[in-house]
Amino acid sequence: MKKKTSRPLLTAGTSTLLLIFLSLCLLTFAVLSLLSARADRNLSRKTADRTTAYYEACNQAENRIGEIGGILEKIWKNTEGEEMYFQEIEIHFEDAENSESETGNSIYSWDSASRTLSFSVPLADTQVLAVSLTLRYPEAGGTFYTVTTWKTVNTADWTPDTRQNVYVQTETAEKGPDKTYE
């Protein structure tokens, strides 16, 4: 009678193949982790840059509101009565509306009907921070204005990408190969 010899289930070749497969899996996961971390870092940088730009624009707007408050206080001290106060404001800010900033845009926009003074601060290439103040005649201890608008506005038109990559066949049965037709 012959003895049955049993073969081992895992041979040297099988363990080597398993080791190579596991190494490739670990390498793949490492590369995917690296790419994910790099994408997260880029997104964090863009978010930080956007947040910094927004708060810089907010600081510029607050500075401009402070200047406007000083101008309004000076006009209020030099005039008597509400009607004269708003006439002086209109004269002052219409002159400022006709002047231009470094970007070529008017500095202020004055609406005498609603007594609203508006201006914008550049935020990004295609965005501005729009601010509107409703001016009022101050009571004793009151304020000169109320902030009615403080928002980010897109200045560029959005154009969607409507291109479609469509396969263009370069040969037809009737015309022959290697001829393209438009």
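**Exercise 1. Place Glu73 in the fold and work out its surroundings.**

Step 1: find the element. Glu73 sits in helix α1, which covers residues 12-78. Helices here are DSSP runs of H or I with at least four residues, strands are runs of E with at least two, and both are numbered from the N terminus. Keep in mind that this is a predicted model, where local features need pLDDT of at least 70, side-chain atom pairs count only at pLDDT 80 or more, and totals for chains, interfaces and linings use all residues. Residues are numbered from 1 along each chain as its sequence is written, and side-chain values use heavy atoms, with hydrogens and water left out.

Step 2: check the exposure. Glu73 has a relative accessible area of 34%, so it is partly exposed. The cut-offs are under 20% for buried, over 50% for exposed, and partly exposed in between (1.4 Å probe, protein chains only).

Step 3: look across the chain. The C-alpha atoms of Glu73 and Phe144 are 7.6 Å apart, although 71 residues separate the two along the chain.

**Exercise 2. Find the salt bridges and say where their partners sit.**

Step 1: apply the rule. A salt bridge needs a side-chain nitrogen of Lys or Arg within 4 Å of a carboxyl oxygen of Asp or Glu. That gives two salt bridges. As background, side chains of opposite charge can pair when their charged atoms come close.

Step 2: take the pair within the helix. Glu73 bridges to Lys77, with 3.5 Å between the closest N and O atoms. Why about one helical turn between them? Because Lys77 and Glu73 are four residues apart in helix α1. Lys77 is exposed, at 59% relative accessibility.

Step 3: take the other pair. Glu82 and Arg115 form a salt bridge whose closest N and O atoms are 3.1 Å apart. This pair links distant parts of the chain: Glu82 belongs to helix α2, Arg115 to the loop between β1 (109-111) and β2, and they are 33 residues apart. Glu82 is partly exposed at 39% relative accessible area, and Arg115 is partly exposed at 31%.

Step 4: glance at the backbone of Arg115. This residue isn't a glycine, yet its phi is positive, at about 55°. For context, most residues other than glycine have a negative phi.

**Exercise 3. Sketch the fold and describe its nonpolar core.**

Step 1: list the elements. The protein chain has two helices and four strands, in the order α-α-β-β-β-β from the N terminus on.

Step 2: pick out the core. A nonpolar core is a set of buried Ala, Val, Leu, Ile, Met, Phe, Trp, Tyr and Cys residues joined through side-chain atoms within 4.5 Å. The largest one holds 22 residues, and Ile68, Leu72, Ile89, Phe93, Phe119 and Leu135 touch the most other members. At least two core residues come from each of α1, α2 (82-98), β2 (116-124) and β3 (127-135). Helix α1 gives the largest share, seven residues.

Step 3: zoom in on Phe93. Setting aside neighbours within four places in sequence, Phe93 is in contact (heavy atoms within 4.5 Å) with Ile68, Ile71, Leu72, Tyr108, Trp110 and Leu117.

Step 4: add a strand residue. Ser132, in strand β3, is buried at 12% relative accessible area. With the neighbours within four places left out, its contacts are Thr116, Leu117, Ser118, Thr146, Val147, Thr148 and Thr149.

**Exercise 4. Examine the surface and the cysteines.**

Step 1: which residues make the nonpolar patch of about 810 Å²? They are Leu17, Ile20, Leu24, Leu27, Phe29, Val31, Leu32 and Leu35. Patch residues have over 30% relative accessible area and no salt bridge; nonpolar side chains (Val, Leu, Ile, Met, Phe, Trp, Tyr) are joined within 5 Å, like charges within 9 Å. Accessible areas come from the Shrake-Rupley method with a 1.4 Å probe, and for residues only the protein chains shown count as cover.

Step 2: check one member. Leu17 lies in helix α1 and is exposed, at 62% relative accessible area.

Step 3: count disulfides. With a disulfide taken as a pair of cysteine sulfur atoms within 2.5 Å, the count is zero. Cys25 is partly exposed at 24% relative accessibility, while Cys58 is buried at 10%.
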